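Grab your viewer and a coffee: here are some short exercises on one structure. Try each task first, then check the steps below it.

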Amino acid sequence: LGKSPPEPANSQGSGGGGRRPGGGGSSLSVITEGVGELALIDPEVAKKACEEVLEKVKQLHGADGIPNGESCQIRCLDDPPGSRIQEEEEENSSAARTARKRQNQAKQSWLLRLFESKLFDISMAISYLYNSKEPGVQAYIGNRLFCFRNEEVDFYLPQLLNMYIHMDEDVGDAIKPYIVHRCRQSVDFSLQCALLLGAYSSDMHISTQRHSRGTKLRRLILSDELKPAGRRREPGGAVPGAAPDTGLSPSKRTHQRSKSDATVSISLSSNLKRTASNPKVESEEEPVRLAPEREFIKSLMAIGKRLATLPTKEQKTQRLISELSLLNHKLPARAWLPTAGFEHHVVRVPHSQAVVLNSKDKAPYLIYVEVLECDNFDTANVPARIPENRIRSTRSAENLPECGMGPEQRAGSFSTVPNYDNDDEAWSVDDIVELQVELPEMHTNSCDNISQFSVDSITSQESREPVFIAAGDIRRRLSEQLAHTPTSFRRDPEDPSAVALKEPWQEKVRRIREASPYGHLPSWRLLSVIVKCGDDLRQELLAFQVLKQLQSIWEQERVPLWIKPYKILVISADSGMIEPVLNAVSLHQIKKQSQLALLDYFLQEHGACTSESFLSAQRNFVRSCAGYCLVCYLLQVKDRHNGNILLDADGHIIHIDFGFILSSSPRNLGFETSAFKLTTEFVDVMGGLDGDMFNYYKMLMLQGLIAARKHMDRVVQMVEIMQQGA
């Protein structure tokens, strides 16, 4: 059975008397009658036996017969070997030609087979899109982007947009359909694309930038042309289920909103008219879809620029509170925090909780933002404004009890608050002075909720009745006194953020929620964000991507290193927002406030060195310290002082401020020659050079480095792509 000639009879061994392989006792069995003798089988019997075997094979493999389309030829043992030589040569030459043809086809389809395999992930797609010079391959990968999850592609959005701006047209044509499709689906994705396109095009010459593909795509995104098909926002913000498109061009489309929505919310179509003080606006009306969010961001950036002109921290803090108090008049609005991971509307900024962070030349500040979570940002209505019950100094007593007002009345009461854009003088000086006068009374009268009866009694100038204070306010003050611990930081005028950052997050959420008029709503959430002006956060965004990639690699390789990448929103080439690290303070603040060595601070916070709390914090410290030491080594992170290293409540070390990476250093002096920062205090927390935890630290360093080298392409390609045009 087979295509090869039969073997000689004595090939079974010198002893003979054996069976041919595969005989198995069937009719193909070989009967031996003596040493060296072999009885031949009758050809008809052999043919019949082979047909039986073939029939069984066909039954096992279905109607197609033998797998891979192979044919089985029946050959009898008594056929002369030379009788079919010519026939076999012809068959062999034909089979060789077929094999070569199949091999060539296989070589051509290997790349396609890779693209269609389960191994092909978004990292490979970005790599082939960047390195391939074949337009067909680039177009295929552009279509393949639609198959990946949105979160996977969003991670590489900076690389995609940078390639779109600075690489050839074939790459841009492959990327654009996906970007346009996603922008139609998500207003948040549209905002991020518009911001990144503007930031990554800023290094171009002004004449080149004006006519670049990135600028054209940015204009398209900011227009109303990329609204979801078949959905048109109605006056007042409502979106019907299936409203037909009007077919009007963006320049002719009119946008009208109700008076309450246009005044109480940040409706910016009313204040974006071309005026002498505002010549920057190109069109008479800005599209409604992104306008409120863009104006919200512009207002926050303008505050940071004005704070930088003040000399002292105390003046900056006072001005910040005043500015945010004015901003609250424009909230709630169709605005959101892009650093959050869920859809929501911004309803209030607790202005008294905002703090100015430490910075020598600039004025970054931290704010807390109250939001209401929603299912779909595009279709959900802007939440109704709930007036604050806190008594404020106002010009008219008629504006005090706003409860029960209708939308028109409420809009009228806020119509005196001016709407400003991104001009340097967004808020008038009179408003600032008035708010500064109001602030002391607002702080002294700090009750969170006052009943309507107490409001009536206070608004009466001549009444001497006692002021009723809500039980929630008393409960909050008592809980604050009980929760006071010896490790709380004291207030420092030169470092006002220390107290705010030291407070546990859950305690802060509870305290702000009790004081908020929106706190009773079940969808209420509290977010925080750091606003930075004058800093280029594009490099911070690249560092975030590298940290995220290393974190994924170490999880995949089961290396228990710990790092904390925080989200970055690049707004322009010199401004942005940063997600704060919760429940963490800098080593500088710890040393200044506690006057203790790091090990003594650990003992004070977590108990004796043999306690479970201390051992857990020590393990967290070792894992995070090893992780960030590797990050600093691989990225060549410089400017590592105690103000840029945080310690959280669980003992983790967290590095921040990656403004100097990849061989750059402060003022390009290059005085930091160490590969990473590992001080004597860090080693003491680990138990000393001879301790088990320090050996554990060294083992983690080695495992983490080997894992990072194994997947180095995933890290290197991100940095390589971002070098284009930078």
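**Exercise 1: the whole chain**

Work out what share of the 726 residues in the protein chain is buried, and how many helices and strands there are.

Solution. Start with burial: of the 726 residues, 45% are buried. Next, run through the secondary structure, which gives 26 helices and 9 strands. Finally, look at sequence separation: among contacts with a separation of 6 or more, 72% join residues 24 or more positions apart.

**Exercise 2: how far to trust it**

This is a predicted model, so check the confidence before reading any details. What is the average pLDDT of the protein chain, and what percentage of the residues score at least 70?

Solution. The chain averages a pLDDT of 73, and 65% of its residues reach at least 70. Now pick out some weak stretches. Residues 63-79 sit below 50, although the model gives this stretch 25 contacts beyond near neighbours in sequence. Residues 390-464 are also below 50, with 117 such contacts in the model. Don't lean on those contacts: where pLDDT is low, the predicted coordinates should not be read in detail.

**Exercise 3: H12 against H13**

Take helix H12 (residues 291-307) and helix H13 (residues 313-327). Are they roughly parallel or roughly antiparallel?

Solution. Step one is geometry: the axes lie 10 Å apart and the packing angle is about 160°. Step two is the cut-off: angles over 145 degrees count as roughly antiparallel, so H12 and H13 are roughly antiparallel to each other. Step three is handedness, and this crossing is right-handed. Step four is the contact itself. H12 brings Phe296, Ser299, Leu300, Ile303, Arg306 and Leu307, which meet Lys316, Arg319, Leu320, Glu323, Leu324 and Leu327 of H13. Sorted by class, that contact has 7 nonpolar, 1 polar and 4 charged residues.

**Exercise 4: H22 against H23**

Do the same for helix H22 (residues 598-606) and helix H23 (residues 612-635). How many nonpolar, polar and charged residues make up their contact?

Solution. The axes come within 9 Å and cross at roughly 135°. That angle falls outside the parallel, antiparallel and perpendicular ranges, so this pair is oblique. H22 passes H23 in a right-handed crossing. From H22 the contact takes Leu598, Leu599, Phe602, Leu603 and His606, and from H23 it takes Ser613, Phe614, Ala617, Gln618 and Phe621. The tally for the H22 and H23 contact is 7 nonpolar, 3 polar and no charged residues.

Technical notes. Residues numbered from 1 in each chain as written. Predicted model: local features only at pLDDT ≥ 70, side-chain atom pairs only at ≥ 80, totals over all residues. Heavy atoms only, no water. Axes fitted to C-alpha atoms, helices over the stretch in contact; angles between N-to-C directions. Helix = DSSP H or I, 4+ residues; strand = E, 2+ residues; numbered from the N terminus. Parallel < 35°, antiparallel > 145°, perpendicular 65-115°, else oblique. Left-handed = near helix turned anticlockwise from the far one by under 90°. Contact = heavy atoms within 4.5 Å. Nonpolar A, V, L, I, M, F, W, Y, C, P; charged D, E, K, R; others polar. pLDDT = per-residue confidence, 0-100. Buried < 20%, exposed > 50% of the residue type's maximum accessible area, 1.4 Å probe, protein only.
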